[in-house]
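Here's a walk through the voids, one helix pair and a few backbone oddities. Have the viewer open and follow along.

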Amino acid sequence: MAEQLVCNGDQAIAYSWKQVNPDVVAAYPITPQTIIVENFSEFVANGEVSTEYVCAESEHSAMSICIGSSAAGARVATATASAGLAFMWEVLWIASAMRLPIVMSVANRALSGPINIHCDHSDAMGARDAGWVQLFGENVQEAYDDSLMSFKIAENMKVRLPVMNCIDGFIITHALEKFLPMEDDEVKRYVGEFKPIRPLLDWKNPTTYGPFTGTDYYFEHKYQIVEAMREAKNVVKDTLQEFGRLTGRKYDMIEGYHLEDADYVVMAIGSTAGTLRYVVDQLRAEGKKVGSLKLRLFRPFPSAEVAKALEGKKAVAIMDRAISMGSTGPMFPEVCASLYNSKDRPRLCNYIYGLGGRDVRPQELAGVFDQLINGTCKEMNFMGVRI
Amino acid sequence: MSVSLKELSKLEPRYTEGHRLCAGCAEPIIARQVLMATNKPIVVSNATGCFEVSSTVYPFTSWTVPWIHSAFENAAPTITGVESAYVALKRKGKITDDIRFVSFGGDGATYDIGFQALSGAIERGHRFMYVCLNNEAYMNTGIQRSGATGRGAQTTTCPAGSCIPGKREYPKDLTRIVIAHDIPYAAQASPHNYRDLMEKARKGFDANGPAFLNVIAPCPRGWRHDSSKTVEMAKLAVETCVWPLYEYENGKYSLTGESKRIAEGAKEKRPVSDWLKAQGRFGHLMKPQWSSIAEEIQHNIDKRWNELLKLCQI
């Protein structure tokens, strides 16, 4: 059994990479991700890993290097945040189209403008359609666990898609918490040897990556990603459960808290899920039938599971830490669509909250429950904003 | 390395028939010459552009070597990613072969949108050769201006009108900008002098670090010359000193081929008007209204040529 450590989420991710020892890490520093690449640079400088570490001149190049390395046959990891993820946007699509199992940690941060370095999910949500599996962790332990599981999911032969493991900027990336890592050799056994498929470095069997494709084949190429995403849902579920058996930490794509007998539910992703459980405990002590639902996997979206979990509830608030300008938060329509065919649909409300790192206080979340219970929540709500 | 045509014709082609490039395009000529310059295994990355879209129309490819295209501006980081994987896997004992890495990009991908990425890759010292197929404009999307387009040339985004005579600016001297990175090897070459080009490509492949080859690539569509005149046009670029042949090796500049002979007085330097008259893209400069532009261009070429002579200590 490994010893318990105290560190922040970025350090936990860097630690997981040290144990995985990827062949190539290419990255560019950006707040609040920087600690990951700083820590990892130290492991490289001290010979604690045999990784080829490329300190790129931009995120766009960092992801391009990851694409080249992964296609060449290497196990590859990187990390970014905010503007960096936005700068990678073009090449994110290429990574998934080439079916490259790149693992990327994203320290969720608001997008400019105005420039802001604090947490919201605008960056990851902007990349939601790029063909990447997206996991969201809640705390330092999950940052570490998700990072390890990302390699298993990405490299699964049914998936072979890049995976993004997201953690809330500063809230998880910079806050110190206790967490329990796996032993080094246990991690080594867990992730196993990387098996590349048709690598570029196999020059005796030359492969073409990224050809020009016209109207006659493009659609079919995209459909293959759709199919891989469909498979990914089951693979993620199995990976989470297998990891649970291995570590004793129970994980699933969606995780309910006092959900079964709850009439009123608040749903969130990331660190807010933890605060929500605290609030649920308080309100339960007052005899209110409330519960919460944490979404851990955003892409592929586990629609059937969400529908099953929320069917028959009286009202559900969907907390979005991002907004699609001119529409709602990105999670809200997903949940609406999931429940469309349900016989017993709850009332659904959308709460936009915490943009640019705005604090999320327990009493505010208790207020959301109150509004759900007394029916005063509107379809669109902006928690704590001065209008 | 043998560079007799007889010997070269026996080599297994690494870039073969079936591509969709225009008749008279210089790019496949250059690529084949470059790829024949080493007998080591090669992995290629390609920027978006004519050369890329025409050579890999799915489900076909003209490449017999491993090849990757990612995006327009990232041929350099993509191949340096491949090279990094190679370094890592070699260190771990998973690869034992001696492999070479090369990127091809047009001037748009090299001078403009991909410049930062190229600069970063060179600065980090990855061992790869970047080959710029320089046809002096964005030809893939229909002949638009690039940072390599010559002054006075007309393109669809710098058309010659009644007030403005085509492109206002001189091309940036990318070869010297790249050299300023203190790169182990850089050169300018032309497909008409295949011995010179292949010798430079060989040096680039063997350089212990990044190498850069800037190759003039006449484009019959964009330059408006007959498609049978491509190689002739490349030669004219060198003979007018519009495109001097030179290399930078171990901190030293030296002229090569026809440029060396011109500098040594063994060959006549042709006037730039020969270059301008030969191409439709400069046709408007022949009108009396713009006669001063041709003079300015000649003046600029002379200035740059004299600077180069000084760098080469001639």
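## The small cavity in chain B

The second largest cavity holds about 30 Å³ of space. Bear in mind while looking at it that this is a predicted model. Its lining is made up of B:Ala47, B:Phe72, B:Glu73, B:Asn74, B:Ala75, B:Ala76, B:Ala109, B:Gly114, B:Leu118 and B:Tyr130. Sorted by class, that lining comes out as seven nonpolar, two polar and one charged.

How many cavities of 30 Å³ or more does a search of the whole structure find? It finds two, so to speak a short list, and the other one comes next.

## The largest cavity

About 450 Å³ of space sits in the largest cavity. It is lined by 28 residues, and those closest to its centre are B:Pro171, B:Cys241, B:Val242, B:Trp243 and B:Arg304. If you want to find the spot quickly, those five names are a handy selection to start from.

Two helices of chain B, H12 (272-277) and H13 (291-311), each supply at least two residues of this lining. H13(B) gives the largest share, with six residues. As for chemistry, the lining of the largest cavity splits into 17 nonpolar, four polar and seven charged residues.

## The largest pocket

Over to the largest pocket, where there is about 1000 Å³ of space. Its lining runs to 32 residues, and A:Ile94, A:Ala97, A:Met98, A:Gly210 and A:Pro211 lie nearest the centre. Which elements give two or more residues to this lining? They are helix H3 (59-72), helix H4 (82-97), strand S9 (208-209) and helix H8 (218-247), which belong to chain A.

The class breakdown for the pocket lining is 18 nonpolar, nine polar and five charged residues.

## Two helices crossing in chain A

Next up is a helix pair. In chain A, the axes of helix H1 (residues 9-20) and helix H2 (residues 34-45) come within 8 Å and cross at roughly 40°. H1(A) and H2(A) are therefore oblique to each other, and their crossing is right-handed.

On the H1(A) side, the contact is made by A:Asp10, A:Gln11, A:Ile13, A:Ala14, A:Tyr15, A:Trp17 and A:Lys18. H2(A) answers with A:Thr34, A:Ile35, A:Ile36, A:Asn39, A:Phe40 and A:Phe43. Taken by class, the residues in this contact are eight nonpolar, three polar and two charged.

## Backbone oddities

Where are the cis peptide bonds? One joins A:Gly113 and A:Pro114, with omega at about -5°. A:Pro114 sits in the loop between strand S5 (103-108) and helix H5 (122-126) of chain A. In chain B, the peptide bond from B:Tyr58 to B:Pro59 is cis too, and its omega is near 10°. B:Pro59 lies in the loop that runs between helix H3 (50-55) and strand S2 (67-69) of chain B.

One more backbone angle deserves a look. A:Arg198 is not a glycine, yet it has a positive phi of about 45°. You'll find A:Arg198 in the loop between helix H7 (184-191) and S9 of chain A. That strand, S9 (208-209), turned up earlier among the elements lining the largest pocket.

Methods
Residues are numbered from 1 along each chain as its sequence is written. Chains are lettered from A and ligands numbered from 1 in the order in which they are written. This is a predicted model: local features need pLDDT of at least 70, side-chain atom pairs count only at pLDDT 80 or more; totals for chains, interfaces and linings use all residues. Side-chain values use heavy atoms; hydrogens and water are left out. Axes are lines fitted to C-alpha atoms, for helices over the stretch in contact, and angles run from 0 to 180 degrees between N-to-C directions. Helices (H or I, at least four residues) and strands (E, at least two) are DSSP runs, numbered from the N terminus. Angles under 35 degrees count as roughly parallel, over 145 as roughly antiparallel, 65 to 115 as roughly perpendicular and the rest as oblique. A crossing is left-handed if the near helix is turned anticlockwise from the far one by less than a right angle, and right-handed if clockwise. Contact means heavy atoms within 4.5 Å. Ala, Val, Leu, Ile, Met, Phe, Trp, Tyr, Cys and Pro count as nonpolar, Asp, Glu, Lys and Arg as charged, and the others, Gly among them, as polar. On a 1 Å grid over the protein atoms alone, a cavity is a set of points where a 1.4 Å probe fits but cannot get out, and a pocket is an open set with protein on both sides within 12 Å along at least five of seven lines; lining residues have an atom within 4 Å of a point. Grid points are joined across faces, edges and corners, and a volume is the space filled by probe spheres set on the points.
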